[in-house]
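Here is a short set of questions and answers on a pocket and a helix pair, to be read alongside the model.

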Amino acid sequence: MNMGSMPTQPGGATPQQVAFFNSIFRENCPFKFVFGGVTGFALGGVFGIVMSSFEFAGPQLTPQLQELSTREQMRIMLKDMGNRSYSSAKNFAVVAAIFSSSECFIEGYRAKNDLYNGAAAGCFTGGVLAARGGVKASAFGCAGFAAFSTAIDYWMRHSD
């Protein structure tokens, strides 16, 4: 064993390498945008599958569908579950990407890590998501998402 060498982490990385990669993951807003979108897509997909499986009706049970075999009915219902899951996954991805990147930019601008970053990012996200509904919808979206983000952030910081 070479005693003059730098100590390494279990994976063989030096502490400087670990700090470098840690800074990329924690402080890089484009990375947070992509990571938030990918993670939101995965969680939204799982959420969509779970929620669509609770809906007993599935696609409309029309007389034409009732005449199909059980296998065909299952195929149609699973396809419907997949479509709903994909839709939910896309929605979660958009929300997570917008929120995580806006929070990162706000935190970088303010040079602080506190509850106000999450509240401001929540307001921005809620306002952007509700923008198609007009000014009033954006204001309500901003307020609602900011309150939700602040409550979750407060709980996460004080759950110890």
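Q: Which helices each supply at least two residues of the lining of the largest pocket, and which one gives the most?
A: In this predicted model, the helices that each supply at least two residues of the lining of the largest pocket are H2 (29-54), H4 (70-110) and H6 (135-157). With eight residues, the helix that gives the most to this lining is H4.

Q: What is the volume of the largest pocket, and which residues that line it are the closest to its centre?
A: The volume of the largest pocket is about 870 Å³. Of the 25 residues that line this pocket, the closest to its centre are Ala96, Phe99, Ser100, Glu103 and Ile152.

Q: How do the residues of the lining of the largest pocket divide into nonpolar, polar and charged?
A: The charged residues of the lining number seven, and the polar residues also number seven. The nonpolar residues of the lining number 11.

Q: Why are H4 and H5 oblique to each other?
A: The axes of H4 and helix H5 (residues 115-129) come within 8 Å and cross at roughly 135°. An angle that is neither under 35 degrees, nor over 145, nor from 65 to 115 counts as oblique. The two helices, H4 and H5, are therefore oblique to each other.

Q: Which residues meet where H4 passes H5, and how many of the residues of this contact are nonpolar?
A: H4 passes H5 in a right-handed crossing, where residues in H4 including Phe99, Glu103 and Arg110 meet residues in H5 including Tyr116, Phe124 and Leu129. The residues of the contact of H4 with H5 include three charged and five polar, while the nonpolar residues number 11.

Methods:
Residues are numbered from 1 along each chain as its sequence is written. This is a predicted model: local features need pLDDT of at least 70, side-chain atom pairs count only at pLDDT 80 or more; totals for chains, interfaces and linings use all residues. Side-chain values use heavy atoms; hydrogens and water are left out. On a 1 Å grid over the protein atoms alone, a cavity is a set of points where a 1.4 Å probe fits but cannot get out, and a pocket is an open set with protein on both sides within 12 Å along at least five of seven lines; lining residues have an atom within 4 Å of a point. Grid points are joined across faces, edges and corners, and a volume is the space filled by probe spheres set on the points. Helices (H or I, at least four residues) and strands (E, at least two) are DSSP runs, numbered from the N terminus. Ala, Val, Leu, Ile, Met, Phe, Trp, Tyr, Cys and Pro count as nonpolar, Asp, Glu, Lys and Arg as charged, and the others, Gly among them, as polar. Axes are lines fitted to C-alpha atoms, for helices over the stretch in contact, and angles run from 0 to 180 degrees between N-to-C directions. A crossing is left-handed if the near helix is turned anticlockwise from the far one by less than a right angle, and right-handed if clockwise. Contact means heavy atoms within 4.5 Å.
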